[in-house]
Amino acid sequence: MKNKKSFQYLLALLFLLTIIPSLHAEVTATASLSVKSFPVDRMAKLIVTLQGQRSATIDMLVVDGLRFHPRGQSARMDYVNGAYSSSVTSLFHVEASHEGSFTIPPITIKSKEGMVTTLPIHFEVVKATAQPTVQSSSSGSGVTTRLRTGDAAEVAFLRVTPTKTSSYSGEVVPVQIQIYFRDGIQANLNSLPQLRGEGFVLQQLRREPHRSREMVGNSSYSVLTWVSALSGIKEGTHTLSMELDATLLLRQQQRVQRPRGMFGDPFFDDSFFNSFFGSYREKEVKVASPKLEMTVLSLPETGKPDTFSGAIGDFRLQVKAIPLEISKGDPVTLTMTVSGVGNFDRVQVPQLQKQKGWKSYSPSSEFLKDGNVNRGKKVFEQALVAKESNLTEVPAVAFSYFDPESGTYKELVSAPIPIDMQEVEVAEQSVPVPRQAAISSGKEAVQTAPEKVEQLLPGLAPLQLDAGQMNKQLEPLFAKKWFQVFCAVLLLAICGALFITIRKARFAGNPQLQRQKSMKQLLEKREREIEEHLQAADSRGFLVSSRTAIQEQLGLLWNTEAAAITLADLQKRLPQDSVLCTIFNAADESAYSGQELDEQQMLEFATSLKKELTNL
Amino acid sequence: MIHSKGYWQIFSLFGIFLLLGSFSVQAADNRFKKATIAYNDGEYQLAIEGFESLARDGLSSALLYNLANSYAQNGQTGMAILNYERAARLAPGDSDIRGNLELLRKERTLFQEEQTVSQRFIRLLGLDLWTILATAGFILFATCLLFPVTPRLKTTTRRLVAAASVLVIMASVMGIAGQYHHYHDAVVVGGDAKLRLSPFASAAASGSIQEGRLLTPVKVHNNYTLIKDESGRSGWLDNDEFMFIAY
């Protein structure tokens, strides 16, 4: 523990030893301009660096014909090979009002160590370059600016390049869509390029375009490229264009958009400086492509094959079948591959030239793209079942398409595929499964004389053998009488239980009710005893029970111990003429003197006692 | 003696009833078997007649399923789907019914709209099973709160079980509501059913509706019913062109 603390002190000391010399390091100031010469319509970067300090104040420069735009200040601390250094850098954009030679005088910088000055800087301002032609006609909203393209000097433009401008209806025309942003322009795309105009549809674009850089004229551009396809749906000549919504990040004080790369200083092309020193505002723009004339031709009617399904392009057909050794009733999978270039969405399954002796099923299809938008192959798989035993070949299939290059229809016909039909012994083929034996968990295999039964839907699960329990009608459970009665009984039971529970809860929380119940129960018990003593003409027992009854009832009522209640308590708390006092007194006298009551007195006492105690 | 005679008469009567009942069941079994054999022999019309005559006496999922199979093989898609749907109401979990129904729909290109998660949830169970589940949940809920079954069952546990029961009840009520919403659905059985703009024979047709399509009746006017199909299309349809699944 002690060692650890010592080590920390040692490190701190070393750090201080390295820092202290730097505090007394020499303070120097330098100023540099990014270029020695620049056009009057552009700006140069002035960088003022103060070495040896971490803060500085620079007096604003005033030079005739020049404007200085402060762009921020950054401090930097380095620790290299044990040497600590600090610096502070300020950035200015320098703008000239006219051509000519200029000199930036020595710049005075105030720091904690005093004042330092830089050396003067000489530079030339030359004639303006060609002005960019940004067509910024408002689109009406006043917020979004429309950038119509074609001019390489623009900030951003959209270029649409179809492979051809004349196509047939339904033909797929590959198209390249490119959006150009001049280097230095930061932009966010708010939408994918959208087709404007009628008569064509554009295939769905990928969300992630290909990114590249390209030189157009003397400017470098970032290019986003989508490769898609246009498909004509309406015959005639149509005017098309494309639009794209974007947000450009523009410098606040610039008159026109200027690329940051114009300074020719790769250091300041760094995104850190761009974001650190830059002062930007967002501008919503709609970039539109030049208008494009495209013609959609109608397909010729002459020579159109019956099997033509609308496929346009250049296709090849490959057909194979497996297995080639089959028996009657066996399925053969026919795989037909249509490959090439064209509108695969209209490529339908090739047609069997002959169907006799075969039963065909609905085919499945899968399109496998080959990189390009309109190139690939479509694979169809169709099941065929041999219905006859004398078949020798899988029939030929035909596929027709329109070739836009030659302007004619073409039909591809595959060669028939020879097959080897094997004889199957009748015994193996048509032995019907006995119905009783075929019963398995209520299902019956439908195999009786399969060669005679032509099923429309052979894939259906077999019939059920057991009819099961019959219902009179298809009514839901809740509509059935017994269920309704059951629910009613259930509800009544629950209501009853709820009533009892509530009553119990009320009783549990009410001491008065509990006391009344206890009093009632005790009174009933004593009444029975009194009745027994009365019948046995047992005067002493009668009086003892009567006194106990009085004590119990009054004890519960007065919330005192029943056995502790005496005649004095009764006389004190009950009216003087109370029968209870008389009976209690008689009971006491009987206990101490052995005085007994006659039958008539006992009866009177019993009646009065019951009445009084009930009314308590 | 008189008593023994009376008993004998009662027993005889009971025996006669049992005998008649067994004859009736045997006769129904024979008709069912005959219809099944007709189906296996490819005599689908005969099989339909046999199963239909049995269906007039009573219904079961197996009978409706066999009837549906017969209709399907006979090319009567609408009637086949109608009977598969009816069979599915009696036995919602039967894989053969569901499988054949799906196959038939696929073969006849009667593709259904993709179901949402809630629709799939509702179709997890049939109307009756949802009802049973709701009832069971209700009984459990009431039992937990009203009858402390054992003193050892803590109040917290009972409340948790009660809360779970409430969830079951809520889910079941959702299931019941969803199933009941489609309880009065119907199936197009006419081969060339036309949707009309108004409920009159002279009204212009707004389109045709495929045989076997499910539809929901909205209101009735004379011999026409305003219906809405699975894709949301609506129009007036002749009452003879469709049949209700429930009857």
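**Figure 1. Pairing of strands β15 and β20 in chain A of the predicted model.** Strand β15 of chain A covers residues 172–182, and strand β20 of chain A covers residues 219–232. These two strands run antiparallel and are joined by 11 bridges. Within this pairing, A:Y180 has A:V223 of β20(A) as its bridge partner.

**Figure 2. Strands β18 and β19 of chain A beside β20(A).** Strand β18 of chain A, residues 200–202, is antiparallel to β20(A) and is connected to it by 3 bridges. Here the bridge partner of A:F200 is A:G232 in β20(A). Strand β19 of chain A, residues 210–216, also pairs with β20(A) in the antiparallel sense, in this case over 7 bridges. A:S219 in β20(A) stands opposite A:V216. The strands β19(A) and β20(A) form a hairpin with 2 residues between them. In this hairpin A:G217 adopts a positive phi near 65 degrees.

**Figure 3. An open sheet of 3 strands in chain A.** The strand order is β27-β32-β33, and the pairing is antiparallel. The edges are occupied by β27 (351–352) and β33 (408–413) of chain A; each has a single partner strand, so one side of each is left without a neighbour in the sheet. Strand β32 of chain A comprises residues 397–403 and is joined to β27(A) by 2 bridges. A:V397 in β32(A) is the bridge partner of A:L352.

**Figure 4. Chain A as a setting for the preceding views.** The secondary structure of this chain comes to 10 helices and 35 strands. Of its 616 residues, 24% are buried. Among contacts in chain A between residues at least 6 apart in sequence, 69% link residues at least 24 apart.

**Figure 5. Alternating side chains along strand β2 of chain B.** General background: in a regular strand the side chains alternate between the two faces of the sheet. In β2(B), residues 193–196, B:A193 and B:L195 point to one face and are buried. B:K194 and B:R196 point to the other face and are not buried. The partner shown is strand β3 of chain B, residues 205–209, which pairs with β2(B) in the antiparallel sense over 4 bridges. Opposite B:K194 stands B:S208 of β3(B).

**Figure 6. Packing of helices α4 and α5 in chain B.** Helix α4 of chain B spans residues 77–90 and helix α5 of chain B spans residues 95–107. Their axes lie 10 Å apart, and the helices pack at an angle of about 155 degrees. The two helices α4(B) and α5(B) are therefore roughly antiparallel to each other. The crossing of α4(B) past α5(B) is left-handed. On the side of α4(B), the contact is made by B:T77, B:A80, B:I81, B:Y84, B:A87 and B:A88. On the side of α5(B), B:I97, B:R98, B:N100, B:L101 and B:L104 take part. By class, this contact of α4(B) with α5(B) has 8 nonpolar, 2 polar and 1 charged residues.

**Figure 7. The contact between chain B and chain A.** Chain B contributes 38 residues to this contact and chain A contributes 32 residues. On the side of chain B that touches chain A, at least two residues each are supplied by α1 (2–40), α3 (61–73), α4, α5 and α7 (127–146) of chain B. The largest share of that side, 8 residues, comes from α3(B). By class, the side of chain B that touches chain A has 19 nonpolar, 13 polar and 6 charged residues.

Methods
Residues numbered from 1 in each chain as written. Chains lettered and ligands numbered in written order. Predicted model: local features only at pLDDT ≥ 70, side-chain atom pairs only at ≥ 80, totals over all residues. Axes fitted to C-alpha atoms, helices over the stretch in contact; angles between N-to-C directions. Parallel < 35°, antiparallel > 145°, perpendicular 65-115°, else oblique. Left-handed = near helix turned anticlockwise from the far one by under 90°. Contact = placed C-beta atoms within 7 Å. Nonpolar A, V, L, I, M, F, W, Y, C, P; charged D, E, K, R; others polar. Buried ≥ 20, exposed ≤ 12 C-beta atoms within 10 Å, placed from the backbone. Pairing = 2+ DSSP bridges.
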